[in-house]
Amino acid sequence: MGPGLFWNFPPKAGCTVPQSLLQTIRLSRMAGMKEQQFTEEKPLLPEQRGVDSDMQDKGEEASSGLPCPTSNAPLNPPSPPSRPTHRWHVIARHWLRQTRRRTSGLIPETFDQLMPVGDWKEHDVETPYGMLHVVIRGAPKGNKPAILTYHDVGLNHKLCFNSFFSNEDMQEITKHFVVCHVDAPGQQIGASQMPQGYQYPTMDQLASMLPTVVQHFGFKSIVGIGVGAGAYILAKFALIFPDLVEGLVLLNIDPNGKGWIDWAATKLSGLTSALPDTVLPHLFSQEELMNNTELVQSYRQQINNTVNQFNLQLFWNMYNSRRDLEMNRSGSVINAKTLKCPAMLVVGDNAPAEEGVVECNSKLDPTNTTFLKMSDSGGLPQLTQPGKLTEAFKYFLQGMGYIAYVKDRRLSGGPVPSASMTRLARSRTASLTSAGSIDGSRSRACTHSDSTEGVGPITHTMEVSC
């Protein structure tokens, strides 16, 4: 029954309602309506709903022919119901209702979107081969290089590097450098779909887009961190523009192009499996896939939900069409070309790219190359062992002269001598005695296996047990 409808009582024979009662009811009703005046739509308070229902019942009694009072004695007005002292629950319900209306469809789907943005800034950089999405933190610091990352196929900078750069020790390193994450065209979260017939850049063209990024932000040079396809692109970039690269950390790099048999197998797999299931064997070891670990399940879902599948297919096809990296160890062939900068090659045990990383190591100069094989790390060491990889990265930068000392928390927080860390971080020509002294100066479990290439110098392979 709407407000005001029960004021006009139908006449009943032999029944008269005292005017004092009607006046009391009207005043109570007006007081209740005054309390309900809100600037926005808000729910009625419980006591207000009680006043309405009481008056409604009284009106119904008066209009239903029930016995009416016969005496003209004044009636005591009903005492107002006691009001609760706490109304926060009513305010909370109203706020929640209004918030749902304003944010309908905008609530993030993943936890990653809820992470604080911090001082990261997003940029779209126009290059000769298309637009690049770049996320950067900090500003160039003197003559220090920028740390530039490039993700693997099927991922983007968040899926590939968030765990690694969120590590406490890694944050201690990166506060001294400007950090630049590069997303391959169309691979960032929320990217619009490429138009039909779009010709995706080749791997050589993707590498040739990076000098524009370096120039756009005023970097003197970079230290690159690449994974899989990103490692291939950064290595190609260093071969074409060696003066812009001071060091490379290459995870799961495969320097070889696919043969016809591998190409046909990839095409057949793409016809019989969903795209995420086609890409996962490139990222994770067979053991991880067989066990269907939480990490594999999570990344299957993330690849399917956060990366545009059409754009991913273009990038995947172009990576599988790559050519061999034209580099060879000096002296092995005439006019051999190889990386001139220090490089650290990283691969997990039983990773799908293990053979490719080993072959890449054979094509690099052993005097400035470190080969790091990490146990119990699966296909993506930066996700499963970010602490160990951060430790190795510290030694790598310290060997380049950009960190004066490295703190080892397991040695009471004291600084580790610079000379021994330099010898550890870089595969310089060394004797077995010096290798033993390095191993003795550290509490880290690490084995060195020495091999020679003809009469060339000795190179160290570090297998880190985690």
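A polar contact here is a pair of N or O atoms within 3.5 Å, where one must be able to donate a hydrogen and the other to accept it. Keep that cut-off handy for the exercises below, and remember that you're looking at a predicted model.

**Exercise 1. Warm-up: the whole chain**

Task: Work out how many helices and strands the protein chain has, and what percentage of its residues count as buried.

Solution:
- Start with the secondary structure: the chain comes to 18 helices and twelve strands.
- Next, burial: 45% of the 466 residues count as buried.
- Then look at who touches whom. Take the contacts between residues at least 6 apart in sequence, and 73% of these join residues at least 24 apart.

**Exercise 2. A threonine side chain**

Task: Find T369, decide whether it is buried or exposed, and find which backbone oxygen lies by its side chain.

Solution:
- T369 belongs to strand β8, which spans residues 369–374.
- Its relative accessible area is 2%, and buried means under 20%, so T369 is buried.
- A polar atom of the T369 side chain lies 2.6 Å from the backbone oxygen of D365.

**Exercise 3. What does R322 hold on to?**

Task: Locate R322, classify its burial, and list the backbone oxygens that its side chain reaches.

Solution:
- You'll find R322 in the loop between α13 and β7 (343–348).
- R322 has 8% relative accessibility, so this arginine counts as buried.
- The R322 side chain reaches the backbone oxygen of Y319 at 2.9 Å, and the backbone oxygen of N256 at 3.0 Å.
- Now for the neighbours, leaving out residues up to four places away in sequence: R322 touches M203, Y232, D254, N256, G257 and K258. N256 turns up in this list as well as in the backbone oxygen step.

**Exercise 4. A phenylalanine and its partners**

Task: Say where F161 sits, whether it is buried or exposed, and which residues it touches.

Solution:
- F161 is part of helix α4, residues 157–165.
- With 1% relative accessibility, F161 counts as buried.
- Skipping residues up to four places away in sequence, F161 touches T149, Y150, H151, H181, I225 and V227.
- Take V227 from that list: it is 66 residues from F161 along the chain, with the two C-alpha atoms separated by 9.4 Å.

**Exercise 5. One helix, two partners**

Task: Describe how α10 packs with α13 and with α12.

Solution:
- Two packed helices are described by the angle between their axes and the distance between the axes.
- For α10 (residues 275–283) and α13 (residues 309–320), the angle is about 40° and the axes are 11 Å apart. These two helices are therefore oblique to each other, and their crossing is left-handed.
- On the α10 side, L275, P276, T278, V279 and H282 make the contact; on the α13 side, Q309, L312, Q313, W316 and Y319 do. By class, that gives six nonpolar, four polar and no charged residues.
- Turn to α12: α10 packs with it at an angle of about 130°, with axes 10 Å apart. That makes this pair oblique, and the crossing is right-handed.
- Here P276, D277, L280 and L283 of α10 meet V296, R300, I303 and N304 of α12. The contact divides into five nonpolar, one polar and two charged residues.

**Exercise 6. A crossing to classify**

Task: Decide how α7 and α8 are oriented to each other, and sort their contact residues by class.

Solution:
- The axes of α7 (residues 210–217) and α8 (residues 229–240) come within 10 Å and cross at roughly 75°.
- Angles of 65 to 115 degrees count as roughly perpendicular, so α7 and α8 are roughly perpendicular to each other.
- L210, P211 and V214 of α7 make the contact with I233, L234 and F237 of α8. The classes are six nonpolar, no polar and no charged.

**Exercise 7. Two phi values to check**

Task: Give phi for N292 and D376, and work out how accessible each residue is.

Solution:
- Most residues other than glycine have a negative phi.
- N292 isn't a glycine, but has a positive phi of about 50°. N292 lies in the loop between α11 (286–291) and α12 (294–306), and its 31% relative accessibility counts as partly exposed.
- D376 also has a positive phi, near 55°. D376 is in the loop between β8 and α15 (381–384), and with 54% relative accessibility D376 counts as exposed.

Conventions. Residues numbered from 1 in each chain as written. Predicted model: local features only at pLDDT ≥ 70, side-chain atom pairs only at ≥ 80, totals over all residues. Heavy atoms only, no water. Axes fitted to C-alpha atoms, helices over the stretch in contact; angles between N-to-C directions. Helix = DSSP H or I, 4+ residues; strand = E, 2+ residues; numbered from the N terminus. Parallel < 35°, antiparallel > 145°, perpendicular 65-115°, else oblique. Left-handed = near helix turned anticlockwise from the far one by under 90°. Contact = heavy atoms within 4.5 Å. Nonpolar A, V, L, I, M, F, W, Y, C, P; charged D, E, K, R; others polar. Buried < 20%, exposed > 50% of the residue type's maximum accessible area, 1.4 Å probe, protein only.
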